[in-house]
Amino acid sequence: MKLVWSPETALKSYIDTVKLKSCEKCKESGVAELLSSMAAGWNSKFIVECYSHGGPIAASIGLAVAARNTGARHVCIVPDEGTRLDYTKALAEMGVSPPPEIVRGEAETVIKSLDGLDFLVVDCRLRDFARVLKVAKVSTRGAVLACKNAWQRSNFSWFKWNMVLERGTRVVRSVFLPVGMGLDIAYIGSRNNGGGGASSSGGSSKGTPSRWIKHIDQHSGEEHLYRETSF
């Protein structure tokens, strides 16, 4: 079994997020909608995010909507009690229901206890964000890993997915999107067969629009997709 893309579920989650997020309090333009549609579209069943103190909650809104649409378990890791209280209050003000499970502690430590996640969002402003990615226990059917605020990470110029993930992890595809402060996303293949991991019910990649640019890193072999910003 592997991740299968559902455009209908992705669209529903996108629209639901737009409706819930339509207020001036939300920042991270586009991040909530994109993450929501991706998490729902891949029919995620265990969504985990790492939240930084004082950060926007837009991503959490989108992921909460996706979890509601797919029946997923949604866990948010926060560093301390003060952050938990602020985070809970902000979600309540936005009318997010049901809220995610909130777990306090160091992200790297907590993530080790969460087995089988298939959608993970990590804030690159976290000091140990790379370690969180390395120790994450993903589902055997594959997973989607997303780094938000990617432009703010100190190792932006040399960051490579195969360098931060556990040895033997199969990165099927990765893409960097200029959304918010940058989203770096990797698709991890399933471990129960030799297939391509993430698949789509919406057709093959032959119809990929020309606004997407593909680049293959000659050193790591990773495939990167860049979307042109002109419209």
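**A cavity, two cores and a buried helix**

Trainee: How much space lies in the largest cavity?

Mentor: The largest cavity holds about 30 Å³ of space. Keep in mind that this is a predicted model.

Trainee: And how many cavities of 30 Å³ or more does a search of the whole structure find?

Mentor: One.

Trainee: Which residues line the largest cavity?

Mentor: The lining consists of L20, A64, V65, R68, V96, S97 and P98. Five of the lining residues are nonpolar, one is polar and one is charged.

Trainee: Which helix gives the largest share of that lining?

Mentor: Helix α3, residues 58-70, gives three residues, the largest share of the lining.

Trainee: Let's zoom out. How many helices and strands does the protein have?

Mentor: Seven helices and 13 strands. The protein has 231 residues, and 48% of them are buried.

Trainee: What share of the contacts with a separation of 6 or more comes from residues 24 or more positions apart?

Mentor: That share is 70%.

Trainee: On to the inside. How many residues are in the largest nonpolar core?

Mentor: There are 31 residues in the largest nonpolar core. V48, I111, L120, L133 and W161 have the most contacts inside this core.

Trainee: Which elements each supply at least two residues of this core?

Mentor: Five strands or helices to start with are β2 (46-50), β3 (73-78), α5 (107-111), β6 (119-123) and α6 (129-135), and the list also includes β8 (143-148), α7 (161-164) and β10 (183-188). The largest share of the core, four residues, comes from α6.

Trainee: Back to V48. What is V48 in contact with, leaving aside its neighbours within four places in sequence?

Mentor: V48 is in contact with V75, I77, I111, L114, L117, F119, L120 and V121. Apart from the largest core lies another core, of 24 residues, with W5, V31, A59 and Y187 among them.

Trainee: New topic: α2. How many of the residues of α2 are buried?

Mentor: In α2, 10 of the 11 residues are buried, so this helix is largely enclosed by the rest of the structure.

Trainee: Which ones are the buried residues?

Mentor: In α2 the buried residues are V31, A32, E33, L35, S36, S37, M38, A39, A40 and G41.

Trainee: Take S36, then. Why does S36 count as buried?

Mentor: S36 counts as buried because its relative accessibility is 0%, and the cut-off for buried is under 20%. S36 sits in α2, which spans residues 31-41. Leaving aside its neighbours within four places in sequence, S36 is in contact with S13, Y14, T17, G62, V65 and A66.

Trainee: What comes up at N43, just after α2?

Mentor: N43 takes a positive phi there, of about 55°.

Trainee: Last topic, the cysteines. How many disulfides does the count come to?

Mentor: Zero. To count as a disulfide, two cysteine sulfur atoms have to be within 2.5 Å.

Trainee: How far away is the nearest cysteine sulfur from C76?

Mentor: The nearest cysteine sulfur to C76 is that of C50, 7.8 Å away, and C76 is in no disulfide. C76 has 0% relative accessibility, so it counts as buried.

Trainee: What about C147, which cysteine sulfur is the nearest there?

Mentor: That of C124, 4.2 Å away, and C147 is in no disulfide. C147 counts as buried because its relative accessibility is 0%.

How values were computed:
Residues are numbered from 1 along each chain as its sequence is written. This is a predicted model: local features need pLDDT of at least 70, side-chain atom pairs count only at pLDDT 80 or more; totals for chains, interfaces and linings use all residues. Side-chain values use heavy atoms; hydrogens and water are left out. A nonpolar core is a set of buried Ala, Val, Leu, Ile, Met, Phe, Trp, Tyr and Cys residues joined through side-chain atoms within 4.5 Å. Buried means under 20% relative accessible area, exposed over 50%, partly exposed in between (1.4 Å probe, protein chains only). Contact means heavy atoms within 4.5 Å. On a 1 Å grid over the protein atoms alone, a cavity is a set of points where a 1.4 Å probe fits but cannot get out, and a pocket is an open set with protein on both sides within 12 Å along at least five of seven lines; lining residues have an atom within 4 Å of a point. Grid points are joined across faces, edges and corners, and a volume is the space filled by probe spheres set on the points. Ala, Val, Leu, Ile, Met, Phe, Trp, Tyr, Cys and Pro count as nonpolar, Asp, Glu, Lys and Arg as charged, and the others, Gly among them, as polar.
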